[in-house]
Amino acid sequence: MEAKKSFNSIDLFKLLMAVAVVAIHTNPIVDWTNPVAVKIVVIIEEWAVPFFFTASGFLLFHKMEQPYCEKIGHIDNYLWKIIKMYCAWTLISLPLTVYGYVISGNGIVSCIFSYVKYFLFVGKLYNSYHLWYLLALIYALGAIRFLLKKGLKPVSVAVIALVIYVASEIMVMLERNIDSVGGIVGKIVSLYQYVFNNGGVFTGMIYVSVGMLIAHYGIYMSKWTGGCGIIAINIGKLFVGVEVLRIIMPIEIFVLFASLLTVELPDSRAWITCRKISTIVYLSHLIFFSAYTIIFLKNPNKLGFDSFIVTLVLSVLNALLLIKIRKKDRGKELAD
């Protein structure tokens with residue numbers, strides 16, 4: 001794997017996961033009644049954002065030379081890129097945010113404080129809530145950068161990430177049972193919930209660390225072994241509670257990602273296009289979903305198969321158009 005320059009299966013799976021994200025936000029299976037079919041779709045949807053985190057960690061550290069503490073500039077460049085992307089797409093989504101605050105009926109001061117909170121600590125403003133992924137990635141990269149700069153090994157970083165992840169899940173569990181939690185613990189949980197909501201920004205670090213470990217140690221898994229592992233894990237998930245499911249997810253993503261690395265696809269520029277489309281679809285799809293449901297249907301955030309198809313088609317067409325424009329502009333630059 002160390003000699004490998006491209007990972008075509010990852011690029012293809014990114015596109016599939018971008019489609020899954022669109023499905024999450026438009027719910028094309030809202031009217032389905034077959035529990036098995038619904039469960040299969042939900043399993044795939046649950047992979048989406050964790051997979052993107054893991055892919056980010058893997059691709060970043062696969063390109064980095066060791067020791068990481070001396071190559072921290074690579075993380076800085078990627079971190080700055082994500083910060084700019086988060087700010088840019090938050091600005092692009094501002095009209096939707098303003099619309100959300102207008103229909104909320106809250107006062108202007110309340111809306112301003114809410115905007116600051118969600119921009120800095122939650123990442124889920126009105127109909128741009130998918131951007132929490134970028135904010136969580138910023139938190140994750142910042143923390144990993146700090147720990148590696150201090151000389152910690154990847155395994156130690158991953159252990160700390162796991163502790164943070166488990167602590168975040170415990171806070172969510174306590175908040176769900178806040179009535180039975182009192183004293184100073186109850187106040188801490190309430191404050192945590194007030195600032196971070198369910199603490200989604202702290203969930204990215206564990207998955208980025210999974211990608212980092214796979215890249216650092218060159219871990220891969222037979223696709224057959226990985227497939228059997230995924231099936232076994234999901235059978236086991238039928239017998240555990242919600243809290244345990246969340247703890248199991250990093251293991252499931254580890255198996256999924258490590259096994260995808262052994263799936264060989266012939267080299268083609270199509271995979272690069274898949275990668276680009278996946279990014280644009282992820283970042284832009286809620287704009288098209290909002291336009292379709294708010295302006296065309298006049299039924300804000302209406303879920304269903306029609307919303308899924310329209311959102312997906314418009315998002316993909318937009319991605320293809322932007323890719324073509326960028327390619328054309330790049331060709332002009334080279335000609336000049």
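**Exercise 1.** In this predicted model, decide whether Asn197 is buried or exposed.

*Solution.* Start with the relative accessible area of Asn197, which is 18%. Residues under 20% count as buried. Asn197 is therefore buried. Next, place the residue: Asn197 sits in the loop between H8 and helix H9 (204–217). Last, look at the backbone. Asn197 is not a glycine, yet its phi is positive, about 55°.

**Exercise 2.** Find where Asn27 lies, and work out which accessibility class it belongs to.

*Solution.* Asn27 is found in the loop between helix H1 (8–26) and H2. Its relative accessibility is 24%. The partly exposed class runs between the limits of 20% and 50%, so Asn27 counts as partly exposed. The backbone of Asn27 has a phi near 50°, a positive value in a residue other than glycine.

**Exercise 3.** State which residue is joined to Pro67 by a cis peptide bond, and where Pro67 is placed.

*Solution.* The partner is Gln66, and omega of this cis bond is about 0°. Pro67 belongs to the loop between helix H2 (35–63) and helix H3 (72–92).

**Exercise 4.** Describe how helix H7 (residues 154–176) packs with helix H8 (residues 183–196).

*Solution.* Two packed helices are described by the angle between their axes and the distance between the axes. For H7 and H8 the angle is about 105° and the axes are 10 Å apart. Angles of 65 to 115 degrees count as roughly perpendicular, so H7 and H8 are roughly perpendicular to each other. Now list the residues that meet. H7 contributes Ser168, Met171, Leu174 and Glu175, while H8 contributes Val185, Ile188, Val189, Tyr192 and Gln193. Sorted by class, this contact of H7 with H8 has six nonpolar, two polar and one charged residues.

Ile170 is also in H7. With a relative accessible area of 39%, Ile170 is partly exposed. Ile170 and Lys149 are 21 residues apart along the chain, and their C-alpha atoms are separated by 28 Å.

**Exercise 5.** Determine how helix H10 (residues 223–236) and helix H11 (residues 242–260) are oriented.

*Solution.* The axes of H10 and H11 come within 8 Å and cross at roughly 160°. Angles over 145 degrees count as roughly antiparallel, so H10 is roughly antiparallel to H11. The crossing of these two helices, H10 and H11, is left-handed. On the H10 side the contact involves Lys223, Gly226, Gly229, Ile230, Ile233 and Asn234; on the H11 side, Ile248, Ile251, Glu252, Val255, Leu256 and Ser259. The residues of this contact of H10 with H11 comprise six nonpolar, four polar and two charged.

**Exercise 6.** Name the residues with the most contacts inside the largest nonpolar core, and list what Trp47 touches.

*Solution.* The largest nonpolar core has 79 residues, and Trp47, Phe51, Phe53 and Phe61 have the most contacts inside it. Helix H6 (residues 132–149) supplies the largest share of this core, 12 residues. Setting aside neighbours within four places in sequence, Trp47 is in contact with Phe13, Met17, Ile230, Met249, Glu252, Ile253 and Leu256.

**Exercise 7.** Locate Asn318 and decide whether it is buried or exposed.

*Solution.* Asn318 is part of helix H13 (residues 305–335). Its relative accessibility is 18%, and the limit for buried is under 20%, so Asn318 counts as buried. Outside its neighbours within four places in sequence, Asn318 is in contact with Ile280, Ser284 and Phe288.

Methods
Residues are numbered from 1 along each chain as its sequence is written. This is a predicted model: local features need pLDDT of at least 70, side-chain atom pairs count only at pLDDT 80 or more; totals for chains, interfaces and linings use all residues. Side-chain values use heavy atoms; hydrogens and water are left out. Axes are lines fitted to C-alpha atoms, for helices over the stretch in contact, and angles run from 0 to 180 degrees between N-to-C directions. Helices (H or I, at least four residues) and strands (E, at least two) are DSSP runs, numbered from the N terminus. Angles under 35 degrees count as roughly parallel, over 145 as roughly antiparallel, 65 to 115 as roughly perpendicular and the rest as oblique. A crossing is left-handed if the near helix is turned anticlockwise from the far one by less than a right angle, and right-handed if clockwise. Contact means heavy atoms within 4.5 Å. Ala, Val, Leu, Ile, Met, Phe, Trp, Tyr, Cys and Pro count as nonpolar, Asp, Glu, Lys and Arg as charged, and the others, Gly among them, as polar. A nonpolar core is a set of buried Ala, Val, Leu, Ile, Met, Phe, Trp, Tyr and Cys residues joined through side-chain atoms within 4.5 Å. Buried means under 20% relative accessible area, exposed over 50%, partly exposed in between (1.4 Å probe, protein chains only).
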